[in-house]
Amino acid sequence: MIKVIDISKSFGEKKVLDKARLTINDGETFLIIGRSGAGKTVLLRSIIGLIKPDSGKILIDNEDITYLDKSRLNKIRKKIGVVFQGNALFDFLTVEENVGFMFYQHSNLSREVIREKVRETLELVGMRDIEDLYPYELSGGMKKRVAVARAIIYHPKVVIYDEPTTGVDPIAVDKIASLIEDLHRKLSTTSIIVTHDLHVGLKLADRLAFLLGGKIIFEGSQEELKNLKDERIIQFMKGSSEGPIKETEV
Ligand SMILES: Nc1ncnc2c1ncn2[C@@H]1O[C@H](COP(=O)(O)OP(=O)(O)O)[C@@H](O)[C@H]1O
Ligand SMILES: [Mg+2]
């Protein structure tokens, strides 16, 4: 489904990705872990074509999307829904306008039709009668659901969640985890999750990858992870400050 082949990306002097490679299979839930600043968001943004890598390739359904023109890329982006870190909702738009944003911007559908699609999609994420509210009127967990609704309104084949449980309270965290699981099943998507919440991540993931020093230093199943003797990964999973990974290293 998605192949990241040796992509590198620098910002100025700083090399964020250094020949990172991974493969995400059709229909699986794939977890990406790594320290803050490791380049997880840069990797996700490269996968959806928002960032052009300096070198390497990204294949989606066997199509090389790395250097596509805008119109072709937009078509492929419709296959991928993204729940951005921090939601990226527009504060000055209502829930309906946020969730239906792409339809309002890029289709000729009538307001009634879009409103109905929004209503159905909100229902899928467990909410109703909030269409006319503004984001500031919602709790952290509700905002996250709205961001999820916006990501799935096209019924994408792939849904990407960038730190979906950051900034929501512990009870809402559990609900978001169930929601991700539920949508994965109901919509038969491939799901990609970046999270620091290993409890949630490991509960959901079929396979996972660990990003360190710009490289994917592990990719495999949870079983393979458990049997691994790599001290760097053991340190990360334990959340310990003692070990081969230094404070400043990402
Ligand atoms: N557009 C950009 N311009 C310059 N530096 C960036 C840009 N985007 C990300 N970076 C840098 O790349 C590094 C990785 O960022 P990011 O992918 O957001 O990390 P994380 O793993 O926490 O998601 C950080 O040091 C960040 O400052
Ligand atoms: Mg990030």
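Colleague: Which residue takes a positive phi just after helix 1?
Modeller: That is glycine 49, where phi is about 80°. Please keep in mind that this is a predicted model, in which local features need pLDDT of at least 70 and side-chain atom pairs count only at pLDDT 80 or more, while totals for chains, interfaces and linings use all residues. Residues are numbered from 1 along each chain as its sequence is written, with chains lettered from A and ligands numbered from 1 in the order in which they are written.

Colleague: Why is helix 1 called a helix?
Modeller: Helices are DSSP runs of H or I with at least four residues, strands are runs of E with at least two, and both are numbered from the N terminus. Helix 1 has 8 residues, so it meets the helix cut-off.

Colleague: What makes helix 1 largely enclosed?
Modeller: A residue counts as buried if 20 or more other C-beta atoms (placed from the backbone) lie within 10 Å of its own, as exposed if 12 or fewer do, and as partly exposed in between. In helix 1, 6 of the 8 residues are buried, so the rest of the structure largely encloses the helix. The buried ones are Lys40, Val42, Leu43, Leu44, Ser46 and Ile47.

Colleague: And how do you know that glutamate 223 is exposed?
Modeller: Glutamate 223 has 9 other C-beta atoms within 10 Å, so it is exposed. Glutamate 223 lies in helix 9 (residues 222–226). Its C-alpha atom is 9.1 Å from that of arginine 207, which is 16 residues away along the chain.

Colleague: Which residues are around ligand 1?
Modeller: Here a residue is near a molecule or strand if its C-beta atom, placed from the backbone, lies within 6 Å of it. The shell consists of Phe11, Val16, Gly34, Ser36, Gly37, Ala38, Gly39, Lys40, Thr41 and Val42. Helix 1 gives the most to this shell, with 3 residues.

Colleague: How does that shell around ligand 1 divide into nonpolar, polar and charged?
Modeller: Ala, Val, Leu, Ile, Met, Phe, Trp, Tyr, Cys and Pro count as nonpolar, Asp, Glu, Lys and Arg as charged, and the others, Gly among them, as polar. That gives 4 nonpolar, 5 polar and 1 charged residue around the ligand.

Colleague: How do you know that strand 3 pairs with strand 9?
Modeller: Two strands pair if DSSP finds at least two bridges between them. Strand 3 (residues 29–33) and strand 9 (residues 207–212) run parallel and are joined by 4 bridges, so they pass. Among the bridge partners, leucine 31 has leucine 208, and isoleucine 33 has phenylalanine 210. Strand 3 is also joined by 4 bridges to strand 8 (residues 190–194), again parallel, where isoleucine 32 partners valine 194.

Colleague: Why is strand 3 described as largely enclosed?
Modeller: Because 5 of the 5 residues of strand 3 are buried. Thr29, Leu31 and Ile33 are on one side, with Phe30 and Ile32 on the other, and both faces are covered.

Colleague: Which strands are the edge strands of the sheet with the order 6-7-8-3-9-10?
Modeller: This open sheet has 6 strands and mixed pairing. Its edges are strand 6 (80–83) and strand 10 (215–221), each pairing on one side only. From one strand to the next, the twist averages 15°.

Colleague: What makes the crossover from strand 7 to strand 8 right-handed?
Modeller: Strand 7 and strand 8 pair in the parallel sense over 5 bridges. The chain goes from strand 7 through helix 7 (residues 170–186) to strand 8, and this β-α-β crossover is right-handed. The term means that, with the strands pointing away from the viewer, the path from the first strand over the helix to the second runs clockwise.

Colleague: What is the pairing in the open sheet of 4 strands?
Modeller: The pairing is antiparallel, and the strand order is 2-1-4-5. The edge strands are strand 2 (14–24) and strand 5 (63–64), each pairing on one side only. Strand 1 (residues 2–11) and strand 4 (residues 55–60) share 5 bridges in the antiparallel sense, and valine 4 has isoleucine 58 as its partner in strand 4.

Definitions and conventions: Axes are lines fitted to C-alpha atoms, for helices over the stretch in contact, and angles run from 0 to 180 degrees between N-to-C directions.
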